[in-house]
Amino acid sequence: MADSNGKILVELIKKPGNNKCADCGLKNPEYASYNIGIFVCTRCAGIHRLMGAHISKVKHLKLDRWEDSQVTRVREVGNITARQYYEERVPSCYRRPNPDAPQVLVEQWIRAKYEREEFCHPERQNQYVSGYMEGFLMKRGKEDSRYHPRKFVLSEVDDTLKYHVKENKDPKAILRISELNVAFAPQKTGHQNSLQISFMKEGSTRHIYVYHEDPEVITNWYLAIRCAKLHRLQVAYPGASESELLSQLTKDFPKEGFLWKTGPRQSDSYKKRWFTLDGRKLMYHDDPMDAHPKGEIFLGCSSEGFNVKIGVPPGAKNQGFSFTLETPERSFLLSAQSEDDRIHWINIIQKVLETPLTPQDVAVASRLVRKRTASGTMSIFSTR
Ligand SMILES: [Zn+2]
């Protein structure tokens, strides 16, 4: 009996819908939830287990023994039917996780679907779709690097995200929702439920880091920012397609890591810097969690004199895995930590340089402070 059940399961996961994880889309799921009736990947199965057997009962497709009734259930439901029910009313601003998504996002997506049933009962989404949110988050101090509770207030109507040091006093900072980016930052902060919020201040980028003990709360803040951004974009660009607007809400950094970099003169020695690629902005910092980058390089188009190539110009110092980023103003001599890392940086920068500029890109370029470089030419990067 068990043998024939095994064969049925093998046939079932070949079916469209069932051949990808019901929750994150990873191909070839190895588990199933036999009460919900869906096929899921190893990571999502772990999250299903955490919710408890009263929500989801998970088994490995090959290593566990399956009862006839359990096989019948997954055959009757399956991923496509389950999605129609559990994802009936997902708000468009919601970030549906893919297999690379941060753990906290995947976890909260799964809990929202099956534990809280937020997408069957839209009134349960009010936390993040209403356009207003306030509450305390732990914010990392710019000077002392310690976390302090700060009151945050998000208002879609005003296009602002404010935070207060003292609850009844004026806000310490007012961020424009339409101009900020937010990304989960578990690796950098060491807190699973943390966010990095980046915004422009006086011509350069500023980063702040926040966390909350409750993963649902931090995810709601993330979603509330996305929802407010989407609603404002829909008003500003009534003719734009929703998918176009959704791609502009929040962006994870395509790549971050340490590189060695020389100063403006080619004789300068190489210094270790933390590089962050954010859209067309390549920022470098002394420390990964610095509040401000030391410098920001705007990556234009290859047709405008930008290019990236392996090695350094003749006569310049070569430090291991070097490569050169040329901008119309200056050549940046950089060095990666390994050959693989160098190739990855070059490929990812190359991809940006080959992409045409959008009007938003032009706006970013014009907002980055233009300062005189050592050579006396105008440059689109700040050098602090
Ligand atoms: Zn999954």
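Among contacts between residues at least 6 apart in sequence, 50% join residues at least 24 apart in this protein. The model is a predicted one. Of its 384 residues, 36% count as buried. The C-alpha trace spans about 80 × 55 × 45 Å along the principal axes, and the chain contains eleven helices and 19 strands.

One part of the chain carries a domain annotation. An unreviewed UniProt entry lists residues 6-127 as "domain: Arf-GAP". Over residues 6-127, helix accounts for 41% and strand for 7%, and the C-alpha atoms at the two ends are 43 Å apart.

Further along the chain there is an open sheet of seven strands, in the order β14-β13-β12-β11-β17-β16-β15, with antiparallel pairing. The edges are taken by β14 (295-298) and β15 (307-310); each has a single partner strand, so one side of each is left without a neighbour in the sheet. On average, neighbouring strands of this sheet are turned by 35 degrees against each other, direction ignored. In general, the strands of a sheet pair through backbone hydrogen bonds, and the pairing is either parallel or antiparallel.

At the β14 edge, the partner strand is β13 (residues 281-285), joined to β14 by four bridges in an antiparallel arrangement. One of the pairs across this boundary sets K281 against its bridge partner F298 in β14. The side chains of β14 alternate: G295 and I297 point one way, while E296 and F298 point the other way. All of these residues are buried, although β14 is an edge strand.

Within the sheet order, β11 is followed by β17. Two bridges join β11 (residues 255-261) to β17 (residues 331-336), and these strands run antiparallel. Here K261 stands opposite L334 in β17.

A helix packs on several of these strands. Helix α10 (residues 339-353) lies across β11, β12 (271-278), β15, β16 (321-326) and β17. Relative to β16, helix α10 runs at about 15 degrees.

The next helix in the numbering, α11, covers residues 359-367 and includes V362. How is V362 classed in terms of exposure? V362 counts as partly exposed because it has 13 C-beta neighbours inside 10 Å, where a residue needs 20 or more to be buried and 12 or fewer to be exposed. The C-alpha atoms of V362 and R280 are separated by 9.9 Å, while the two residues are 82 apart along the chain.

Terms used
Residues numbered from 1 in each chain as written. Predicted model: local features only at pLDDT ≥ 70, side-chain atom pairs only at ≥ 80, totals over all residues. UniProt positions renumbered as here; feature names shortened; annotations may be inferred. Contact = placed C-beta atoms within 7 Å. Pairing = 2+ DSSP bridges. Axes fitted to C-alpha atoms, helices over the stretch in contact; angles between N-to-C directions.
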